[in-house]
Each structure stands twice: as C-alpha cells, then as structure tokens.
Amino acid sequence: MEFEEKRKYLVESLINRKIVNDQNVIQAMLKVPRHKFVPQGAASSAYLDSPLSIGLGQTISAPHMNAMMCEYLELKEGDKVLEIGTGSGYHAALCAEIVAPEDCKNPGHVYTIERHKKLADKAQKSLEDTNYGDRVTVIHGDGTLGYSKEAPYDKILVTAASPKKVPPPYKKQLKEGGILCIPAGSREWGQNLYIIRREGDEFKSENITGVRFVSLIGKYGWQE
Ligand code: SAH
C-alpha cells in the first residue's frame with residue numbers, strides 16, 4: 001500500500017474511534033507525511049497508531065495523541081504556537097499545517113524547542129524537506145524556560161512530561177484567552193494530560209486523561 005493510502009486509513013480509523021472531529025485537524029493529518037519524520041527504517045510503521053523510537057531514548061507520540069492534542073488546543077489559522085519538545089518535528093509540522101496552511105490570508109507560525117542538538121538539526125531538515133521550513137522555527141535549548149523572545153503565544157504545546165508544578169514561564173508566555181496543553185505528574189508512573197486556559201489572570205485547568213510521555217528535562221522540569 002502507498003503511504004498516502006495508509007495515511008488515509010489511519011485518519012479514517014481515528015475518525016471512527018471518535019478521536020478527531022475538527023476538520024482542520026483531519027485535513028492536516030491527511031496532508032503531513034509522517035513517514036518523512038520517522039527514522040528511515042521505520043517508515044513502513046509510520047501509519048500505525050503507535051509511538052516510534054526516534055533515537056537518543058526519545059519517541060514520537062502515537063498519531064491519536066498528536067491529533068488529540070491539536071484538537072484540545074483548538075488550533076486555528078493565524079495562531080502563534082510554541083511547542084516544547086521538537087523530537088522528529090512531526091507534531092510541529094501538523095500544527096503548522098493548521099495555523100498556516102499554504103496560501104492562507106493570515107498565516108500563523110510555530111516555534112519549537114528541542115534540547116538535543118542532534119534531534120533539532122534532524123527535525124529542521126525534515127521540516128525543510130517537507131516544505132514546512134518557513135512556517136516552523138526550530139530552536140535548540142531548554143524549553144522549560146519557554147521562548148520569551150516571541151511571546152506571548154496563542155497556544156503552548158508541551159510534548160514531554162512535566163512535574164506536577166507546570167514551569168512558570170508557560171503561564172507567563174500565554175496570551176489572555178490562550179490554551180496550554182501539557183502532560184504533568186510523576187516521572188516514572190505516568191502523567192495526566194491537562195488543558196489550561198488563561199482567562200484574564202486566571203488559569204483554569206482541566207484533566208483530560210492518563211498519558212505517558214518521556215521526561216521534560218531542564219531548569220523547571222526534571223533534573224537529568
Ligand atoms: N513532539 C515530538 C515528540 C516529542 S518527544 C514529535 O512530534 O516527534 C519529547 C521531546 O522533548 C524529546 O525529543 C526530548 O529530547 C525533548 N525535551 C525534553 N526536555 C526538553 C526541554 N527542556 N526542552 C526542549 N526539549 C525537551
């Protein structure tokens with residue numbers, strides 16, 4: 001089966017399982033070539049709904065998790081997004097496809113931070129090869145500090161597991177009315193996925209579901 005056909009199958013199964021509803025997320029999932037973000041030897045598994053290893057002990061999340069997070073963030077054209085944990089670059093591309101689709105009037109942008117230089121460089125290359133290079137900026141550094149240079153953000157997406165206390169820079173760098181999506185809890189025993197909305201100076205937190213992510217390591221995260 002061709003990659004495009006496998007991708008369609010995967011998205012159909014996510015729709016049937018009621019994981020995705022939002023047309024923007026569905027269209028982006030249909031468009032972004034996930035097989036170009038996973039290690040070469042794993043391309044044939046790119047459209048299975050499971051996480052995959054991307055080297056250095058890190059993983060790209062399962063597609064249903066990528067889709068869910070995009071949907072809970074209520075991403076829309078024009079949003080300025082900060083992602084923590086670039087990994088393969090796939091989730092950043094997915095966000096870019098929603099906030100800055102080709103030829104749109106009001107393109108948004110995705111800033112994404114990765115602590116491993118090797119992964120940041122590889123993700124940058126995959127993003128360029130798939131034509132997302134202009135819509136995504138990859139930054140090498142400690143994402144627990146956020147990225148104040150481009151703040152505030154409409155949406156902040158954290159794709160590594162934070163301690164229960166969310167790194168303070170995220171709340172500071174979120175726009176009023178903005179949404180933060182973050183897995184937080186225990187380092188070893190799994191986490192909960194939280195959606196935190198900023199309403200004025202108040203933050204309203206909703207616990208979505210149990211999850212398991214690799215650790216967020218840095219000043220306001222776990223120690224190495
Ligand atoms: N969103 C990614 C998957 C992320 S895996 C994708 O689509 O492929 C989590 C990533 O977070 C790993 O690559 C890990 O190195 C990175 N990470 C962990 N702590 C970090 C930190 N403080 N700053 C930036 N990246 C971090």
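This is a short chat about the ligand and the pockets in a predicted model.

Reader: Before we start, what kind of model is this?
Author: A predicted one, where local features need pLDDT of at least 70, side-chain atom pairs count only at pLDDT 80 or more, and totals for chains, interfaces and linings use all residues. Residues are numbered from 1 along each chain as its sequence is written, and side-chain values use heavy atoms, with hydrogens and water left out.

Reader: Ok, which residues come nearest to the ligand?
Author: Gly85, Ser88, Glu114, Gly143 and Ile217, out of 25 residues around the ligand. Being near takes a heavy atom within 4 Å.

Reader: What lies 3.0 Å from a nitrogen atom of the ligand?
Author: A polar side-chain atom of Glu83 does, and a polar backbone atom of Gly85 is also 3.0 Å from a ligand nitrogen. A polar contact here is a pair of N or O atoms within 3.5 Å.

Reader: And where does the ligand sit?
Author: In the largest pocket, which has about 570 Å³ of space. A pocket is an open set of points on a 1 Å grid over the protein atoms alone, where a 1.4 Å probe fits, with protein on both sides within 12 Å along at least five of seven lines; lining residues have an atom within 4 Å of a point. To sit in one, a molecule needs more than half of its atoms within 2 Å of its grid points.

Reader: Switching topic, how big is the second largest pocket?
Author: About 170 Å³ in volume. Its lining includes His35, Lys36 and Phe37.

Notes:
A polar contact is a pair of N or O atoms within 3.5 Å; within protein, one must be able to donate a hydrogen and the other to accept it, and residues adjacent in sequence count only if both atoms are side-chain atoms. Grid points are joined across faces, edges and corners, and a volume is the space filled by probe spheres set on the points.
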